[in-house]
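Could you walk me through this model in my viewer, one selection at a time? I would like to know what to pick next and what I will find there.

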Amino acid sequence: MGKIACANVLSDLYAMGVTDVDNMLLLLGVAKELSAAQRKVVVPMLMAGFRDLAAEAGVTINGGQTVVNPWMTVGGVATSICKEGEFIIPDKASPGDVIVLTKPLGIQAAVNLNQWMQLDNANWQLAKTLTTPEFVAKGYQDATTSMITLNLTAARLMKKHNGHAATDVTGFGILGHARNLAEFQNEDVEFVIHTLPILAGFAEFTRKLADAGGRNFKITSGTAAETSGGLLIAMGAENASRFVEEMRGEGGVAWIIGDVVEGKKTARIVEEPKIIDVSY
């Protein structure tokens with residue numbers, strides 16, 4: 001959880017191409033229901049995870065705040081002082097650009113499914129007729145790997161290859177964030193998404209679950225919430241191909257998932273998007 005929170009906080013700067021972060025603060029809400037013994041275990045682990053990933057990013061944590069809260073929360077603040085030219089204002093997407101994504105979708109479904117299995121609740125009683133514990137465990141492991149992966153390499157390569165606009169994909173889902181980004185552009189554009197990279201097997205599983213009367217995660221409609229998701233970037237087509245190649249060469253993942261066309265500053269997913277199964 002600490003690593004995920006750290007990665008999520010840093011992504012707001014990475015989405016603007018800022019790779020040199022000057023300072024971080026750690027904000028921690030400790031659940032009041034935890035006993036003193038539980039706090040001695042949970043709190044140091046959360047703080048250690050946050051600190052370890054900050055160190056991986058080359059950032060120091062120089063303060064923060066801890067409060068007692070109804071539930072556990074962990075987050076933070078990241079700041080950097082930049083000169084003009086050291087960051088990317090996300091408003092320059094143009095028709096002819098393509099759209100790149102640097103992490104797979106499906107985090108919410110993978111995490112919820114694992115929670116259902118651990119709790120052995122009513123949701124799991126239906127879900128277990130459609131999948132296996134091994135599938136759940138692998139999905140959860142892949143989701144965790146994705147969430148704790150920094151968008152640092154993506155940010156650095158986005159600057160190198162002249163990204164025109166970017167955002168990180170989190171709670172609004174890929175379609176929500178694509179729409180928000182399209183609305184911010186100087187030109188009248190539409191983001192058209194034709195490909196959805198999704199954690200392996202989860203597009204099919206979530207469809208079966210919804211068809212059986214279970215929860216509809218709406219992954220393929222683009223509205224499923226993500227946590228510590230990838231960067232959604234608009235850039236020139238040739239640069240995007242080189243970006244994807246270099247991301248993969250450095251051990252990351254990236255896909256060209258759509259096109260920027262003339263439009264009314266909105267975004268949409270095509271009726272039958274291509275699904276790419278992604279496994280770490």
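Start by selecting Phe135, Phe202 and Phe205, which form one aromatic cluster in this predicted model. A search of the whole structure finds four aromatic pairs, and two of the pairs are worth a look here.

Show the rings of Phe135 and Phe205 first. Their pair is tilted, with 6.0 Å from centre to centre and 50° between the planes. This pair links distant parts of the chain, since Phe135 belongs to helix 5 and Phe205 to helix 8, 70 residues apart.

Now turn to Phe202 and Phe205. Their rings meet edge-to-face, 6.2 Å centre to centre and with 80° between the planes. Both residues lie in helix 8, three residues apart, or about one turn of the helix. Residues three or four places apart in an α-helix point the same way, because the helix has 3.6 residues a turn.

Colour the three by accessibility while you are here. Which of them are buried, and which is partly exposed? Phe202, at 1% relative accessibility, is buried, and so is Phe205, with a relative accessible area of 5%. Phe135 counts as partly exposed, because its 21% lies above the 20% under which a residue is called buried.

Next, select the whole of helix 8, residues 202-211. Its buried residues are Phe202, Ala203, Phe205, Thr206 and Leu209. Look down the helix axis: these buried residues fall within an arc of 165°, so they line one face of the helix. To see what covers them, add helix 3 (107-119), helix 4 (122-127), helix 5 (133-147), strand 6 (189-199) and strand 9 (266-278), which are included in that cover.

Follow the chain just past helix 8 to Gly213, where phi is positive, about 95°. Continue into the loop between helix 8 and strand 7 (231-235) and stop at Lys218. Phi of Lys218 is also positive, near 60°, in a residue other than glycine. Lys218 counts as partly exposed, at 45% relative accessibility.

Another stop of this kind is Asp120, in the loop between helix 3 and helix 4. Although Asp120 is not a glycine, its phi is positive, about 55°. Asp120 is partly exposed, with a relative accessible area of 47%.

From there, step back into helix 3 and pick Asn114. Is Asn114 buried or exposed? At 11% relative accessibility, Asn114 counts as buried. Set aside its neighbours within four places in sequence, and the contacts of Asn114 are with Val136 and Tyr140.

Keep Tyr140 highlighted and switch on the pockets. Tyr140 is one of the residues nearest the centre of the largest pocket, along with Met1, Ile4, Val111 and Met147. The volume of this pocket is about 520 Å³, and 20 residues line it. Which elements each supply at least two residues of its lining? They are helix 1 (2-14), strand 3 (73-79), helix 3 and helix 5. Helix 3 gives the largest share, six residues. Coloured by class, the lining of the largest pocket shows 11 nonpolar residues, eight polar and one charged.

Move on to the second largest pocket, which holds about 280 Å³ of space. Its lining has 15 residues, and Thr149, Leu150, Thr153, Gly251 and Gly252 are the closest to its centre. Select helix 6 (residues 152-160) as well, since the largest share of this lining, three residues, comes from there. By class, the lining of the second largest pocket has six nonpolar, six polar and three charged residues.

For a last stop, pick Lys40 in helix 2 (residues 36-56). Lys40 counts as exposed, at 66% relative accessibility. Then draw a distance from its C-alpha to that of Ile107: the two are 67 residues apart in sequence and 29 Å apart in space.

Definitions and conventions:
Residues numbered from 1 in each chain as written. Predicted model: local features only at pLDDT ≥ 70, side-chain atom pairs only at ≥ 80, totals over all residues. Heavy atoms only, no water. Buried < 20%, exposed > 50% of the residue type's maximum accessible area, 1.4 Å probe, protein only. Helix = DSSP H or I, 4+ residues; strand = E, 2+ residues; numbered from the N terminus. Arc of directions from axis to C-beta. Contact = heavy atoms within 4.5 Å. 1 Å grid on protein atoms, 1.4 Å probe; cavity = no way out; pocket = protein on both sides within 12 Å on 5 of 7 lines; lining within 4 Å. Points joined across faces, edges and corners; volume = space filled by probe spheres on them. Nonpolar A, V, L, I, M, F, W, Y, C, P; charged D, E, K, R; others polar. Phe/Tyr/Trp six-rings, centres within 6.5 Å; stacked < 30°, edge-to-face > 60°.
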